[in-house]
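Hi,

Here is the structure I promised to pass on. Have a look at it first, and then read my notes below.

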Amino acid sequence: MFTSVDSNRKKLEHPSSENVPISQSLDNPIINESKSVIASQLDNLLSKNDEYTQLQLTIFGITFIVSILVASITGIFLGFTFGFSIFIGAIAGIFYLRLLAKSVGKLGKESSGVSKLQLLVPVCLFIFASKLGSLDIFPAMIGFFIYKPSLIFYFSRS
């Protein structure tokens with residue numbers, strides 16, 4: 001790992017590969033398996049060509065672009081903390097929208113009602129913003145609802 005120099009002989013000595021410990025994280029089968037599961041889920045989501053999946057990806061993309069734009073503008077004009085809070089709220093809104101879309105996608109096939117799990121996202125965002133000093137509650141909640149103008153924009157186009 002380190003190169004040592006003997007000033008008397010002016011020769012470089014490199015440690016052999018026998019002395020170098022192999023990192024545990026590179027050979028950990030649990031990490032490799034979780035990476036492959038995440039990659040397969042992402043590939044599965046992107047490879048679906050049905051209309052509902054394409055609608056979800058389009059809305060998520062529009063919401064993400066709008067959230068970056070709004071967070072940048074507010075970060076410049078109103079301060080970094082305000083813009084950062086809006087961006088964190090927008091990410092929570094995208095997560096909420098994903099959970100809602102997943103629950104609606106299961107409707108009729110696996111369940112008879114929409115799950116209430118996604119309702120924990122704004123509650124957790126509020127608690128997180130109130131406990132953490134670097135986030136403001138009001139801008140985070142404004143950022144959470146950025147997905148609504150994105151939905152209005154998308155459906156007004158079509």
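**Starting from Thr-74**

Let's begin with Thr-74, which sits in helix H2, the stretch covering residues 51-78. Keep in mind throughout that this is a predicted model. Is Thr-74 buried or exposed? Its relative accessibility is 13%, and buried means under 20%, so Thr-74 counts as buried. Its side chain also reaches back along the helix: the backbone oxygen of Val-70 is 2.9 Å away from it. If you skip the neighbours within four places in sequence, Thr-74 is in contact with Gly-79, Phe-82, Gly-83 and Ile-86. Of the partners just named, Phe-82, Gly-83 and Ile-86 fall in helix H3, which runs over 80-106.

**The whole protein**

Now a step back. The protein has 6 helices and 2 strands. Reading from the N terminus, you meet the elements in the order β-β-α-α-α-α-α-α. There are 158 residues, and 23% of them count as buried. As for the surface, the accessible area comes to about 11,300 Å², with 66% of that belonging to carbon and sulfur atoms. You might also like to know how the contacts are spread along the chain. Taking contacts between residues at least 6 apart in sequence, 55% join residues at least 24 apart.

**More of H2: Gln-56 and Ile-62**

Back in helix H2, Gln-56 is another residue worth clicking on. Its relative accessible area is 10%, which is why Gln-56 is called buried. Which residues does Gln-56 touch, not counting those up to four places away in sequence? They are Arg-98 and Ala-101. There is a distance to check here as well: the C-alpha atoms of Gln-56 and Lys-102 are separated by 9.6 Å, while along the chain these residues are 46 apart.

Ile-62 has its place in H2 too. At 15% relative accessibility, it falls under the 20% limit and so counts as buried. Leaving out residues up to four places away in sequence, Ile-62 touches Ser-150, Phe-153 and Tyr-154. With Tyr-154 the separation is 92 residues in sequence but 7.9 Å in space, C-alpha to C-alpha.

**The second largest pocket**

Gln-56 turns up again in the lining of the second largest pocket. This pocket holds about 160 Å³ of space. Which elements each supply at least two residues of its lining? They are H2, helix H3 (80-106) and helix H6 (147-157). H2 gives the largest share, 5 residues. The full lining is made up of Tyr-52, Leu-55, Gln-56, Ile-59, Phe-60, Leu-97, Leu-100, Ala-101, Val-104, Leu-151 and Phe-155. By type, that divides into 10 nonpolar residues, 1 polar and no charged. Ala-101, one of the lining residues, is also one of the residues that Gln-56 touches.

**H5 and a loop**

Next, helix H5, at residues 137-144: its buried residues are Pro-139, Ala-140, Met-141, Gly-143 and Phe-144. What covers them includes H3, H4 and H6.

Finally, go to the loop between H3 and helix H4 (120-131), where you will find Lys-116. Is Lys-116 buried or exposed? With 61% relative accessibility, and exposed meaning over 50%, Lys-116 counts as exposed. Its C-alpha lies 8.9 Å from that of Ser-103, and the two residues are 13 apart in sequence.

That's my tour. If you open the model, Thr-74 in H2 is a handy place to start.

Cheers

Technical notes. Residues are numbered from 1 along each chain as its sequence is written. This is a predicted model: local features need pLDDT of at least 70, side-chain atom pairs count only at pLDDT 80 or more; totals for chains, interfaces and linings use all residues. Side-chain values use heavy atoms; hydrogens and water are left out. Helices (H or I, at least four residues) and strands (E, at least two) are DSSP runs, numbered from the N terminus. Buried means under 20% relative accessible area, exposed over 50%, partly exposed in between (1.4 Å probe, protein chains only). A polar contact is a pair of N or O atoms within 3.5 Å; within protein, one must be able to donate a hydrogen and the other to accept it, and residues adjacent in sequence count only if both atoms are side-chain atoms. Contact means heavy atoms within 4.5 Å. Accessible areas come from the Shrake-Rupley method with a 1.4 Å probe; for residues, only the protein chains shown count as cover. On a 1 Å grid over the protein atoms alone, a cavity is a set of points where a 1.4 Å probe fits but cannot get out, and a pocket is an open set with protein on both sides within 12 Å along at least five of seven lines; lining residues have an atom within 4 Å of a point. Grid points are joined across faces, edges and corners, and a volume is the space filled by probe spheres set on the points. Ala, Val, Leu, Ile, Met, Phe, Trp, Tyr, Cys and Pro count as nonpolar, Asp, Glu, Lys and Arg as charged, and the others, Gly among them, as polar.
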